[in-house]
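User: I have a protein model open and I would like to learn how to read it. Can we go through it feature by feature?

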Amino acid sequence: MRKKKSRYNINGMILCGLVFFAIAGTAVCMVANGKEAAVEREKAEAERKEQEAKTAEEEAAEKAAKEAEKKRAEASSIQPGVPIGTQEPNAEEKVVYLTFDDGPSANTEKILDILEQYDAKATFFITGMREEYRPLIKTAYEEGHTIGLHTYSHDYAGVYSSVDAYFEDLDKIGKVAEEQIGYVPCFIRFPGGSSNAVSKKYTQGIMTELVTDVQEKGYQYYDWNLDSGDGAGQSVEELETNSMTDRFHHVMLLLHDSQSKENTVQALPAIIEYYKNLGYEFRAIDRESFAPHHSVNN
């Protein structure tokens with residue numbers, strides 16, 4: 001009987017031991033699970049805070065971008081009575097203003113690619129002649145270039161038939177710009193420039209009247225002090241030669257991005273490299289920019 005009792009005692013001890021280890025194991029697992037849960041909570045909290053910080057940063061960046069865009073639009077839109085441009089730019093600066101008339105066209109996209117490659121800014125004086133390329137106006141603007149108004153029709157006989165006809169055309173191209181960039185820019189270029197004499201064929205003295213009227217209405221007109229000659233269909237080599245000078249610290253270069261100006265596209269890299277090597281900066285026209293004016297011949 002003592003042996004049987006002893007066996008029962010041993011079995012009881014084993015059972016108690018198993019129960020103890022089970023309880024201890026459960027406790028250890030509970031502690032481990034608790035630690036894992038705490039780690040997961042800390043991780044989740046850290047991720048939440050990181051996401052909140054990221055969201056706040058994105059919202060701040062978006063707000064700053066909207067504010068910058070608002071200021072850009074305000075600075076570039078029509079504001080009668082607010083001065084635009086100067087004929088006496090800072091002589092210490094060396095600046096090239098690449099200006100392209102008569103686009104947009106298929107060549108505009110090629111020009112934008114070149115400008116991006118060289119990190120150069122430019123100004124596009126647009127027309128309304130090729131409606132299928134109008135989205136490039138917005139593209140150019142979003143890439144940091146300035147949009148100016150040239151003419152809707154580029155029909156001298158119609159544009160210069162009267163002062164009213166000129167402003168009707170200007171209003172029309174202004175609406176095209178507004179559709180693409182959200183406002184009507186204050187920067188304009190007369191077809192043929194302010195010195196053109198072709199307008200005499202249609203209205204005597206119209207340019208003398210227009211150069212005053214546009215400024216009273218809140219615009220500024222931009223002629224040029226260097227002509228690439230691409231309006232006359234010259235070769236790539238001739239365009240390069242015509243476009244390169246060290247005579248001016250502020251170069252307002254006349255170029256074109258109309259459909260037929262493939263030579264302009266080909267000449268542009270060499271022109272940009274020439275001025276970069278001379279230490280010039282490429283800027284888009286803004287409200288403070290050099291605004292060269294020709295002598296009026298009509």
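**Reading the pocket, the core and a strand**

Analyst: Start with the lining of the largest pocket, where helix 1 gives the most, with three residues. Keep in mind that this is a predicted model.

User: How do I find empty space, and how much space lies in the largest pocket?

Analyst: The general idea comes first. Rolling a probe the size of a water molecule over the atoms shows where empty space is left. Here, the largest pocket holds about 150 Å³.

User: Which residues line the largest pocket?

Analyst: Among them are R72, A75 and S76. Y141, G144, H145, T146 and I147 belong to the lining too, as do Y183, A284, I285 and D286. Helix 1 (2-76) and strand 3 (146-151) each supply at least two lining residues. By class, six are nonpolar, four polar and two charged.

User: Now the inside. Which residues touch the most other members of the largest nonpolar core?

Analyst: That core has 53 residues, and L98, L115, F124, Y166 and F190 touch the most other members. Helix 5 (residues 163-181) gives the most to this core, with eight residues. Apart from it lies another core, of 13 residues. I84, Y222, I285 and A291 are among its members. You have met I285 already, in the pocket lining.

User: What does F124 touch?

Analyst: Leave out residues up to four places away in sequence. F124 then touches F100, T108, I111, L112, L115 and A140. It also touches H145, T146, I147, G148 and D257. Of these, H145, T146 and I147 also line the largest pocket.

User: Is strand 2 enclosed or open?

Analyst: Count its buried residues. Six of the six residues of strand 2 (residues 122-127) are buried, so the rest of the structure largely encloses it. Then check each face. A122, F124 and I126 are buried on one side, and T123, F125 and T127 on the other.

User: How many bridges join strand 1 to strand 2?

Analyst: Four bridges join strand 1 (residues 95-101) to strand 2, and the two run parallel. L98 stands opposite A122 in strand 2.

User: One last residue. Why is Q180 called buried?

Analyst: Compare its relative accessible area with the cut-off. Buried means under 20%. Q180 counts as buried because its relative accessible area is 19%. Q180 is found in helix 5. Now look at its contacts, again without residues up to four places away in sequence. Q180 touches R134, P135, I137 and K138.

Terms used:
Residues numbered from 1 in each chain as written. Predicted model: local features only at pLDDT ≥ 70, side-chain atom pairs only at ≥ 80, totals over all residues. Heavy atoms only, no water. Core = buried A, V, L, I, M, F, W, Y, C linked by side-chain atoms within 4.5 Å. Buried < 20%, exposed > 50% of the residue type's maximum accessible area, 1.4 Å probe, protein only. Contact = heavy atoms within 4.5 Å. 1 Å grid on protein atoms, 1.4 Å probe; cavity = no way out; pocket = protein on both sides within 12 Å on 5 of 7 lines; lining within 4 Å. Points joined across faces, edges and corners; volume = space filled by probe spheres on them. Nonpolar A, V, L, I, M, F, W, Y, C, P; charged D, E, K, R; others polar. Pairing = 2+ DSSP bridges.
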